[in-house]
Amino acid sequence: MSPNLKITAIKPYAVWVGIRNQLVVKVETDQGVFGWGESGLSGREKAVVGAIEHYREFLIGRDPFAIGAIWQEMYRSQYFEGGRVLQAAISAIDIALYDIKGKALGVPVHELLGGKQRNVIPTFATTSAPPGPEMIEQAKMLIEKGWTAMRLSPADHGNGQIYEPRESIAKTATWMVKAREELGSEVVLGIDYHHRLSIAETVSFCQKMPSGTLDFLEEPIRDETPEAYESLRTMVDVPFAIGEEFASKWQFLPYIERGIHQFNRLDVCNVGGLTESMKIAGWSEAHYVDLMPHNPLGPICTAATVHFAASVANFSWLETRASPAESLGFDNSEFFPVQPRLEGAVYPVSDAPGLGIEVNEALIAAQSFKFWEAPHLKRKDGSVTNW
């Protein structure tokens, strides 16, 4: 097949899968080769669809092999560059272009990224039960099934209306200590506070546990002010896992350059696709920051991230939401008949051309979009707090 391809169509599909929408994007070419990508901006899919439609206007007729040039044009050819909506659109298109190029050349995407450095991708799983005996039992079950790293559950995060940080950290810290005692010192334990705490609350939470209880603390506070994280860094000794909502290499800049975080929660569907992810990976490697990619979306995101994880040196674990401890339905086999499948606690690296996934386009095209809104949490005094 001649590599002289031209883009003929870009089709976004926002579809309800499991408990949430997924925004998947198909890029077609004049020689029948097509690619699939995915956007990461959950809950604002229609905004991203609009951005994709704007990009489509000038991408029709372009060479899909010119991935780097297309990325630069999508990012730089407008006055208001970047931002989460535009970067989510760029991410989906970028991933689809890698899928096209791999298929056209007959090679897996990881070959386009420098070749695989590992044959399987270790994952971390997440317990779904709130802090308590059931959470510890789920953790023990995950260990029995091969997981050596996991993320435990914070208290009260299932509440849909009221959330009090101080009440949560008191209950959670008690059960983190018990979990470490029962699960032993070898398993990697972390927790995601979903940026629901303040600096003072985060410090109090960590002070309630002996040093060594947690191996990572994910997103304890919001990321807009790196100096706030720097202040927090001086007061706690738990490694930070940050970055899932970052939408460019520039957002990562202060965190990498100032040594603020130790685990990089990069999301290929938010940050600008595989093109931007590889740049951030090399930058992180130079500063000894390990990659622990965010992966709470669908099989296309998983497939793209598996190829990315296979191709970089500084990799720790990939998030999976398909473990026996959770049942979210994101990996619907009717919609995605060929997709990455866990083998124990690892994802094998596909050697199929492109991403190595297949999508039932007719089925997803007929699937209805459903408006979904994250909980709008309030504290007991009536004030708004973070979800």
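What span should the 14 residues of helix α10 have at 1.5 Å a residue, and how far apart are its end C-alpha atoms? Select residues 273-286 in this predicted model: the expected span is 20 Å, taken as 1.5 Å times one less than the number of residues, and the end C-alpha atoms lie 21 Å apart, which agrees. Residues are numbered from 1 along each chain as its sequence is written. Local features need pLDDT of at least 70 and side-chain atom pairs count only at pLDDT 80 or more, while totals for chains, interfaces and linings use all residues, and side-chain values use heavy atoms, without hydrogens and water.

Helices here are DSSP runs of H or I with at least four residues, and strands are runs of E with at least two, numbered from the N terminus. Colouring α10 by burial (buried is under 20% relative accessible area, exposed over 50%, partly exposed in between, with a 1.4 Å probe and protein chains only) picks out buried residues including L274, I280 and A281.

Next, select Y229 and F240, an edge-to-face pair with centres 5.5 Å apart and planes at 65 degrees; rings of Phe, Tyr and Trp (its six-membered ring) pair if their centres lie within 6.5 Å, with planes under 30 degrees apart called stacked, over 60 edge-to-face and the rest tilted. Because Y229 belongs to helix α8 and F240 to strand β8, the pair ties together parts 11 residues apart in sequence. Y229 is buried at 0%, and F240 is likewise buried at 0%. Adding F246, F252 and Y255 to the selection completes a cluster linked by ring pairs.
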